[in-house]
Amino acid sequence: MPHDWQSWPSMVPFIEGGTLTGDDGGVEVPHSTSTPNNLTVLAHWHEIIRPQRTLETGLAFGASATLFCELHQRAGISGSEHHAVDPFQQKLWKNCALRHLEAHGLSSCLTHHDGLSAQVLPRLWQQGLGFDMIYLDGSHLFEDVFLDFSFAHHLLEVGGLLAFDDSSHPHVRKVLRFIRRNFHTAYQEHSPYQVTRPRHARLTHLAARLLGRQQLTLFRKTAHIQRTWMTPLRDF
Ligand SMILES: C[S@@+](CC[C@H](N)C(=O)[O-])C[C@H]1O[C@@H](n2cnc3c(N)ncnc32)[C@H](O)[C@@H]1O
C-alpha cells in the first residue's frame with residue numbers, strides 16, 4: 001500500500017477501535033463493519049481505477065463509506081461521489097455513519113439512498129447513472145444479493161470493479177457461482193490476496209475458495225455482453 005489510510009482520523013474507529021455518536025447522543029462501538037483486509041483491497045483498487053462514482057449497498061456504521069469518501073477526496077478527482085444504499089441508517093444505526101462523515105468533512109461526497117437496494121438500484125439505472133466501483137454489502141439473502149448483482153451489472157461501467165463481501169455466506173456463494181458460470185465472458189475475477197498476501201496469493205486464494213472461507217470476491221467488468229431471453233443457463 002503506497003498510502004497510510006490506516007492512520008487517517010476518520011478511519012481510526014473502524015481500524016484501531018473507537019466509538020461513534022448516535023442521534024440520541026449515545027456512544028456506539030462500531031460492529032458489522034468491513035474487515036481491515038476488505039478495506040485495504042478496496043483502497044488498492046480505488047488507486048488503480050480512480051473512480052469518478054462509487055456505489056455500495058449496506059452503510060451501517062459507515063466503515064466502507066468513510067473509506068470511499070476519504071479516498072475520493074484525497075484523490076482529488078473532480079466531481080467524484082460515493083452513493084450508499086441503506087434503509088436502516090436511522091432506525092438501526094442511529095445515523096452514526098452520516099454523523100461521522102459530517103464530523104470529518106466528508107458529507108459532501110456522499111449521497112445516502114434511504115431505501116431497499118431492490119428499490120433504489122433500478123432507479124439509479126433508470127436515471128442513467130454509471131459507476132466505476134460497486135461494493136455489495138447489504139442484505140445477504142440470496143434473492144437480495146441476486147437482485148443487487150443483476151442491477152449492479154447494468155450500473156457498472158466496463159473496466160469497473162464489482163466486489164462482494166461475505167463471499168463464503170451460503171446465500172452469497174450461490175450468486176457468485178451463478179456469475180462465474182453464466183457471466184464469465186463479462187467479468188474477470190481477481191484475487192483479493194494479491195493485495196493482502198502477495199507472496200502466497202494463488203495458494204491462499206485456492207485454499208480459501210475450497211474451504212469456503214473467502215471473505216471478499218472481486219470481478220472486473222471486461223465487456224458489455226448481450227444476453228437474450230433465449231440465452232441458455234449454465235448450471236451453478
Ligand atoms: C454488513 S452491514 C454493512 C457494513 C458497511 N459496509 C461497513 O463497512 O461498515 C450490512 C448493512 O446492510 C443493510 N441492509 C440490509 N438489507 C438491506 C437492503 N435490502 N438494501 C440495502 N441495505 C440493506 C443493513 O442495514 C446494514 O447496515
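A nonpolar core is a set of buried Ala, Val, Leu, Ile, Met, Phe, Trp, Tyr and Cys residues joined through C-beta atoms within 7 Å. The model described here is predicted. Its largest nonpolar core holds 55 residues. Ala97, Ile134, Ala152, Leu155 and Ala163 touch the most other members of that core.

Leu155 was examined in more detail. Residues up to four places away in sequence were left out of its contacts. Leu155 then touches Leu55, Leu121, Leu124 and Trp125. Leu129, Gly130, Phe131 and Ile134 are also touched by Leu155.

One of these partners, Leu55, leads to strand 3, which spans residues 53–57. This strand is mostly covered, with 5 of its 5 residues buried. Arg53, Leu55 and Thr57 point one way from the strand. Thr54 and Glu56 point the other way. In a regular strand the side chains alternate between the two faces of the sheet.

Strand 3 pairs with two other strands. Strand 4, residues 81–85, pairs with strand 3 in the parallel sense over 5 bridges. Within this pairing, Thr57 has Val85 as its bridge partner. Strand 6, residues 131–136, also pairs with strand 3 in the parallel sense, here over 4 bridges. Glu56 of strand 3 stands opposite Tyr135 in strand 6.

The link between strands 3 and 4 involves helix 3, residues 63–75. Together, strand 3, helix 3 and strand 4 make a right-handed β-α-β unit. Ala75 lies in helix 3. Is Ala75 buried, partly exposed or exposed? A residue counts as buried if 20 or more other C-beta atoms lie within 10 Å of its own, and as exposed if 12 or fewer do. Ala75 has 13 such atoms within 10 Å, so Ala75 is partly exposed. With residues up to four places away in sequence not counted, Ala75 touches Arg50 and Ser80. The C-alpha atoms of Ala75 and Gly128 are separated by 25 Å. Along the chain, these two residues are 53 residues apart.

Two further helices pack against each other. Helix 5 covers residues 117–126, and helix 6 covers residues 142–155. Their axes lie 9 Å apart, at an angle of about 10°. Angles under 35 degrees count as roughly parallel. Helix 5 and helix 6 are therefore roughly parallel to each other. On the helix 5 side, the residues that meet helix 6 include Leu121, Leu124 and Trp125. On the helix 6 side, the residues that meet helix 5 include Phe151, Ala152 and Leu155. Ala152 and Leu155 are also among the core residues that touch the most other members.

How values were computed. Residues numbered from 1 in each chain as written. Predicted model: local features only at pLDDT ≥ 70, side-chain atom pairs only at ≥ 80, totals over all residues. Contact = placed C-beta atoms within 7 Å. Pairing = 2+ DSSP bridges. Right-handed = clockwise from strand over helix to strand, strands pointing away. Axes fitted to C-alpha atoms, helices over the stretch in contact; angles between N-to-C directions. Parallel < 35°, antiparallel > 145°, perpendicular 65-115°, else oblique.
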